[in-house]
Amino acid sequence: MKGDVYGPEERWRAMMCTVKLLFVVFSCLCVVAWASSNRQPCHSAPLTSGTMKVVSTGGHDLASGEFNYDSKANKFRFVEDTTHANKTSHLDVLIHFDEGVLYEMDSKNESCKKETLQFRKHLMEIPPDATHESEIYLGSPSITEQGLRVRVWTGNFNELHAHYSLSTTSCGCLTVSGSYFGEKKDLHFNFFGVETEVDDPQVFVLPAYCEGISFEEAPDDHSFFDLFHD
């Protein structure tokens with residue numbers, strides 16, 4: 001049996017040429033998709049997960065942990081990293097945005113708080129009335145795999161007397177970052193290591209100890225953004 005005609009170096013170069021070609025093709029497809037989208041708000045993948053970090057505009061870390069989002073059911077789970085900060089309690093929330101219900105859970109003590117969410121918008125999904133502001137590169141646009149093309153969207157949350165800014169990948173519509181500017185607070189959200197899947201669908205299932213509990217009183221303008229404070 002004859003040996004391989006090409007040595008390791010030649011095979012590596014051939015592989016890199018293939019990778020670069022696939023990258024160019026993928027980039028072209030993204031450009032075509034972007035050009036045909038007419039700059040209308042895009043929709044995120046059906047399932048996304050990763051790490052979400054929230055800071056105040058003053059630079060204070062407010063929360064950091066794992067998020068899972070089901071865009072079709074409009075359900076969101078966030079579990080704060082208990083090692084992130086010196087806190088006496090850490091967030092573990094399940095939100096049913098379409099139903100306007102927020103569950104704040106404590107698995108250690110098996111306790112649960114249920115509140116009405118009057119304002120149901122958030123920053124995991126681009127609101128349908130968002131305005132496209134620009135398309136920019138983070139990093140280098142000329143060096144392969146050294147840049148990220150993002151779209152910037154802005155709009156108002158009139159019910160909260162607030163406005164927002166969102167950055168999403170131009171191909172795939174994954175949220176990269178978002179900012180919320182309101183009367184009560186200003187927040188900045190960063191999303192890291194985002195995957196288009198959820199490892200455990202059970203994260204969207206309500207624990208048994210939360211079943212049948214009554215609503216607790218909440219402000220008329222209660223929103224997702226109220227979860228994050230100093």
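A salt bridge here is a side-chain nitrogen of Lys or Arg within 4 Å of a carboxyl oxygen of Asp or Glu. With that in hand, take a look at D61 and K53: they form a salt bridge, with the closest N and O atoms 3.9 Å apart, which is inside the 4 Å cut-off. Keep in mind as you look around that this is a predicted model. D61 has a relative accessible area of 41%, so it counts as partly exposed, and K53, at 26%, is partly exposed too. The whole count comes to six salt bridges, and we'll come back to some of the others once the fold is in view.

So, on to the sheet. What order do the strands take? Twelve strands, or 12 in digits, form an open sheet that reads β7-β8-β9-β10-β11-β1-β2-β3-β4-β5-β6-β12, with mixed pairing. The edges belong to β7 and β12, each of which pairs on one side only.

Start at the β7 edge. Strand β7 (residues 131–139) pairs with β8 in the antiparallel sense over eight bridges. If you want a spot to check the register, find E135: its bridge partner in β8 is R151. Moving one strand along, β8 and β9 also run antiparallel and are joined by eight bridges, and here V152 stands opposite S167 in β9. Further into the sheet, strand β3 (residues 75–80) and strand β4 (residues 92–96) run antiparallel with five bridges between them. F78 is a handy marker there, since its bridge partner in β4 is V93.

While you're still at the β7 end, look at the surface. I136, L138 and L148 form a nonpolar patch with about 220 Å² of accessible area together. L148 sits in strand β8, and its relative accessibility of 33% makes it partly exposed.

Now follow the chain out of β8 (147–157) and into β9 (162–169): the loop between them holds H161. This hairpin has four residues between its strands, and H161 takes a positive phi of about 55° even though it is not a glycine. With 56% relative accessibility, H161 counts as exposed. The next loop, between β9 and β10 (175–181), has something to set beside it: C173 lies there, and C173 is another non-glycine residue with a positive phi, near 55°. Is C173 buried or exposed? At 6% relative accessibility, C173 counts as buried.

Next come the rings. A search of the whole structure turns up 15 aromatic pairs. One of them is Y180 with F225, a stacked pair at 4.0 Å centre to centre with 10° between the planes. Y180 belongs to strand β10 and F225 to the segment after β12 (215–216), so this pair ties together parts that are 45 residues apart in sequence. Both Y180 and F225 are buried. F225 also pairs with F189, this time edge-to-face, at 6.2 Å centre to centre and 75° between the planes. F189 lies in strand β11 (residues 186–195) while F225 is in the segment after β12, so the contact links parts 36 residues apart in sequence. Like F225, F189 is buried. For a ring with a charge over it, find F215: K114 lies over its face, at 4.3 Å from the ring centre.

Back to the salt bridges. K184 and D221 form one, with the closest N and O atoms 3.4 Å apart. K184 is in the loop between β10 and β11 and D221 is in the segment after β12, so this pair ties together parts 37 residues apart in sequence. That segment is also where F225 lies. The two partners differ in cover: K184 counts as exposed at 61% relative accessibility, whereas D221, at 32%, counts as partly exposed.

Last stop: salt bridges that share partners join E104, K113 and E115 into one network. Within it, the side chains of K113 and E104 meet at 3.7 Å, N to O. K113 has a relative accessible area of 28% and is therefore partly exposed, and E104, with 25%, is partly exposed as well.

Technical notes: Residues numbered from 1 in each chain as written. Predicted model: local features only at pLDDT ≥ 70, side-chain atom pairs only at ≥ 80, totals over all residues. Heavy atoms only, no water. Helix = DSSP H or I, 4+ residues; strand = E, 2+ residues; numbered from the N terminus. Buried < 20%, exposed > 50% of the residue type's maximum accessible area, 1.4 Å probe, protein only. Phe/Tyr/Trp six-rings, centres within 6.5 Å; stacked < 30°, edge-to-face > 60°. Lys NZ or Arg CZ within 6 Å of the ring centre and 35° of its normal. Pairing = 2+ DSSP bridges. Patch = residues over 30% accessible without salt bridge, like charges linked within 9 Å, V, L, I, M, F, W, Y side chains within 5 Å. Areas by Shrake-Rupley, 256 points an atom, 1.4 Å probe, with all protein chains shown as cover.
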